[in-house]
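Dear colleague,

I am handing over the structure below, together with an account of what was found in it. Please look through the sequence and the model before reading on.

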Amino acid sequence: MRINKYIATSGVASRRKAEELILQGRVSVNGKKIDSLGYQVDEKNDIVYVDEKQIKLEEKKIYIVLNKPEGYITTSKDQFGRKNVIDLVKDIKERIYPVGRLDYETSGLLIMTNDGDITYKITHPKYEVNKVYIASVKGIPTDKEIHDFENGLEIDDYITSKASLKVVKKDTIKKYSVCRVIIHEGHNRQVRKMFDAIGHPVMNLKRVQEGKIKLGDLKPGEYRHLTKEEENYLKSFLNFEKDII
Ligand code: URA
């Protein structure tokens, strides 16, 4: 890439201004001052400085939502050699990472990005971003069990925060139900543990929404880029203290 474009893409100056910087002798590559406006930067190996300060190409920020299939892990290391969600987004050349986690057996909405600031904010407990799950569970929760689920259960070494549980389908013959759950915390296997705690183990779990971002009709393994509106919504976390849907 030509040196003036490199400087402009790194966000330091416009291309024209970059040429001025070069002519003023303020640009060096690998410690050697550049005097040619036509210098071609080797983006992988060259180290470019403006006024002795190293500059880097600004990476394009990517935001996608993946419908994670069951049987994929979302963490980077796995001793069992299981499939990783990264394999499903191989055609994206930027290195993107999952925002938060989903269990190996859980499917559904997974946001992925290379924007570390957003990842930090949206997964931080203090922002209380609501996450919506559809869970098929054994049996049919009673009113008392729903009340307990919604108002705090003792799990491991913590008590769960306020949650919402609506039974959307009951099958009294096959003895299972389908529930819509909203939580805003993100403890390990939390939804499964909450259902275990009220005596209705989860058979199938899918996340369908996080904050204002919805899974929509993505098929398992498919992903889409966020709309501008969704992207702005995510970025709003950089400015606001709290978001409630
Ligand atoms: N709760 C769970 O039990 N599993 C997930 O993957 C997410 C929330």
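**Ligand contacts**

In this predicted model, a backbone N or O atom of Arg192 lies 3.1 Å from an oxygen atom of the ligand. Taken alone, the ligand exposes 230 Å², and the protein buries 94% of that area. Two further backbone contacts reach a ligand oxygen atom: a backbone N or O atom of Arg189 lies 3.3 Å from such an atom, and a backbone N or O atom of Gln190 lies 3.5 Å from one. The surroundings of the ligand are made up of Arg189, Gln190, Val191 and Arg192, together with Leu102, Asp103, Thr106, Tyr133 and Leu205.

**Domains and the largest pocket**

The domain assignment of the protein chain gives domain 1 (3–55), domain 2, which is made of two segments (63–124 + 213–239), and domain 3 (130–210). Between domain 1 and domain 2, the C-alpha centres lie 35 Å apart.

Where does the largest pocket lie with respect to domain 2 and domain 3? Both of these domains give residues to its lining, so the largest pocket lies between them. The space in this largest pocket comes to about 630 Å³. It is lined by 33 residues, of which Arg101, Leu102, Gly186, His187 and Asn188 are the closest to its centre. Two or more lining residues come from each of helix 3 (116–123), strand 8 (131–138), helix 5 (190–197) and strand 13 (202–210). By residue class, the lining of the largest pocket divides into 11 nonpolar, 11 polar and 11 charged residues.

**The second largest pocket**

For the second largest pocket, the volume is about 230 Å³. Its lining consists of 15 residues, and those closest to the centre of this pocket are Asn84, Ile86, Ile96, Tyr97 and Pro98. The lining of the second largest pocket holds six nonpolar, five polar and four charged residues.

With best regards

Note on methods:
Residues numbered from 1 in each chain as written. Predicted model: local features only at pLDDT ≥ 70, side-chain atom pairs only at ≥ 80, totals over all residues. Heavy atoms only, no water. 1 Å grid on protein atoms, 1.4 Å probe; cavity = no way out; pocket = protein on both sides within 12 Å on 5 of 7 lines; lining within 4 Å. Points joined across faces, edges and corners; volume = space filled by probe spheres on them. Helix = DSSP H or I, 4+ residues; strand = E, 2+ residues; numbered from the N terminus. Nonpolar A, V, L, I, M, F, W, Y, C, P; charged D, E, K, R; others polar. Domains from an automatic or database assignment. Near = heavy atom within 4 Å. Polar contact = N/O pair within 3.5 Å; in protein donor to acceptor, adjacent residues only side chain to side chain. Areas by Shrake-Rupley, 256 points an atom, 1.4 Å probe, with all protein chains shown as cover.
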